[in-house]
Amino acid sequence: MIRLFCVTGGYSNKYINKFTSKKNNLNLEDNDIKVDEINKIVNKIQKDGYFIYENFLQQDECEKILNFCLKSEFEIRPNDKENWNNELEKSYFNEKNIKAVMYEIPKDQVFIEKIVSNLIFSPEILLICEKYLSCMPIFDHTSLSISTSFSNQPDKKAAQLFHFDLDRPKWLKFLIYINDVDYNNGPHVFVEGSHKDNGIKPVLLSNGYDRIPDELVFKYYNNKVKNFTKKRGTLIIEDTRGLHKGTMLNSGYRCLLNIQFNSSNYGTELSTQEIQKKNINNKIYQNNLYTYQNLKIK
């Protein structure tokens with residue numbers, strides 16, 4: 001799929017998606033959804049590749065998620081110079097004694113926090129996905145991570161160099177800042193319009209799926225490179241088929257919640273994610289079992 005994407009400038013994904021996605025509609029039964037607002041959001045993503053939704057989460061919700069993180073044991077992701085092992089080192093996050101560029105909550109513990117689990121059943125998020133993907137969306141995964149200033153060089157494994165995602169034919173990410181993010185603590189960066197067919201220059205696709213140096217990206221897209229410095233609670237809805245990265249941190253830390261929905265499961269190897277039965281929105285779940293086929297009820 002990656003080779004076809006690079007050769008065709010992305011057109012191949014359109015045809016793969018046509019034959020792998022399910023065109024049925026979601027069953028939400030929610031009369032409070034403002035369809036006009038949803039359409040504005042989807043139109044913006046179609047045009048530019050992203051939408052900024054400020055104050056999507058309230059301050060107290062962000063504080064609860066952050067406190068959950070600070071009380072939890074993380075998996076420490078290896079840095080570029082380290083090897084990946086089957087067993088990742090685990091540690092609590094201590095801002096005064098950081099051990100790695102990125103800390104991640106183990107995926108099967110992410111939904112212990114009810115605010116996080118509620119989001120994957122949000123009718124608003126689901127409808128945005130359905131309209132943008134033009135099919136019944138499938139939940140892929142949710143992650144919760146903290147990035148740090150541990151390294152003075154951009155880290156590939158922590159996605160701190162420009163790249164494009166390509167695990168599925170089509171997908172949409174929802175990135176939420178859990179703490180305030182400025183130019184010092186790792187703002188997310190996106191190249192406006194690069195999510196479209198032929199949106200990434202052929203010269204940048206010549207090495208296939210690889211990290212791309214900043215100087216090349218700025219050479220071709222200087223005025224299209226958008227840095228998202230925003231307050232906590234801000235949601236960035238993004239088609240990460242476009243070029244993007246997380247900026248290397250100079251100080252502090254960035255806590256990020258990441259939710260992804262796909263058009264299908266076609267692509268890289270799948271894995272399920274555990275969720276506690278008590279944290280399921282049972283009505284939405286039961287009415288949309290196809291959408292939540294990658295959830296494992298615990």
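Glu63 counts as partly exposed, at 32% relative accessibility. This residue belongs to helix H4, which covers residues 59-70. The C-alpha atom of Glu63 lies 7.6 Å from that of Ile178, although 115 residues separate the two along the chain. The model discussed here is a predicted one. The points below treat its sheet, its salt bridges, its pockets and its cavity.

**The sheet**

- Strands of a sheet are held in pairs by backbone hydrogen bonds, in a parallel or an antiparallel manner.
- In this model, 8 strands form an open sheet with antiparallel pairing.
- The order of the strands across the sheet is E1-E9-E6-E11-E5-E4-E2-E3.
- The edges are occupied by strand E1 (50-53) and strand E3 (90-92). Each of them has a single partner strand, so one side of each is left without a neighbour in the sheet.
- On average, and with direction ignored, neighbouring strands of this sheet are turned by 30° against each other.
- Strands E2 and E3 run antiparallel and are joined by 3 bridges. Within E3, Lys90 is the bridge partner of Glu75.

**Salt bridges**

- The whole structure contains 13 salt bridges. Several of them are described here.
- Lys40 and Glu37 form a salt bridge through their side chains, with an N to O distance of 3.8 Å. Both residues lie in helix H3 (residues 35-48), where they are 3 residues apart, about one turn of the helix.
- How exposed are the two partners, Lys40 and Glu37? Lys40 has 55% relative accessibility and therefore counts as exposed. Glu37 has 41% relative accessibility and therefore counts as partly exposed.
- Glu104 and Arg77 also meet in a salt bridge, at 3.8 Å from N to O. This pair links distant parts of the chain, since Glu104 is in strand E4 and Arg77 is in strand E2, 27 residues apart.
- A further salt bridge joins the side chains of Arg168 and Asp140, at 3.4 Å from N to O. Arg168 lies in the loop between E5 and E6, and Asp140 lies in strand E5, so the pair ties together parts that are 28 residues apart in sequence.
- Are Arg168 and Asp140 buried or exposed? Both residues are buried.
- Lys14, Asp197 and Arg241 are connected by a network of salt bridges.

**The largest pocket**

- Rolling a probe the size of a water molecule over the atoms reveals where empty space remains.
- The largest pocket holds about 1300 Å³ of space.
- Its lining consists of 42 residues, and those nearest its centre are Arg77, Glu104, His141, Ser143 and Asn258. Two of these names, Glu104 and Arg77, have already appeared as partners in a salt bridge.
- Which elements give two or more residues to this lining? They are strand E2 (73-77), strand E4 (102-104), strand E5 (138-148), strand E6 (171-177), strand E10 (244-246) and strand E11 (253-262).
- By class, the lining of the largest pocket comprises 12 nonpolar, 15 polar and 15 charged residues.

**The second largest pocket**

- The second largest pocket holds about 320 Å³ of space.
- It is lined by 16 residues, of which Lys14, Lys170, Asp197, Asp239 and Arg241 are the closest to its centre. Among them are Lys14, Asp197 and Arg241, the residues linked in a network of salt bridges.
- Helix H2 (11-20) and helix H6 (123-133) each contribute at least two residues to the lining of this second largest pocket. The largest share, 3 residues, is supplied by H2.
- The lining of the second largest pocket divides into 4 nonpolar, 5 polar and 7 charged residues.

**The cavity**

- How many cavities of 30 Å³ or more does the structure hold? The structure has 1 cavity of that kind.
- The volume of the largest cavity is about 30 Å³.
- The residues lining the largest cavity are Met102, Ser147, Ala158, Gln160, Gly246, Thr247, Leu249 and Arg254.
- By class, the lining of the largest cavity has 3 nonpolar, 4 polar and 1 charged.

Terms used
Residues numbered from 1 in each chain as written. Predicted model: local features only at pLDDT ≥ 70, side-chain atom pairs only at ≥ 80, totals over all residues. Heavy atoms only, no water. 1 Å grid on protein atoms, 1.4 Å probe; cavity = no way out; pocket = protein on both sides within 12 Å on 5 of 7 lines; lining within 4 Å. Points joined across faces, edges and corners; volume = space filled by probe spheres on them. Helix = DSSP H or I, 4+ residues; strand = E, 2+ residues; numbered from the N terminus. Nonpolar A, V, L, I, M, F, W, Y, C, P; charged D, E, K, R; others polar. Salt bridge = Lys/Arg side-chain N within 4 Å of Asp/Glu carboxyl O. Buried < 20%, exposed > 50% of the residue type's maximum accessible area, 1.4 Å probe, protein only. Pairing = 2+ DSSP bridges. Axes fitted to C-alpha atoms, helices over the stretch in contact; angles between N-to-C directions.
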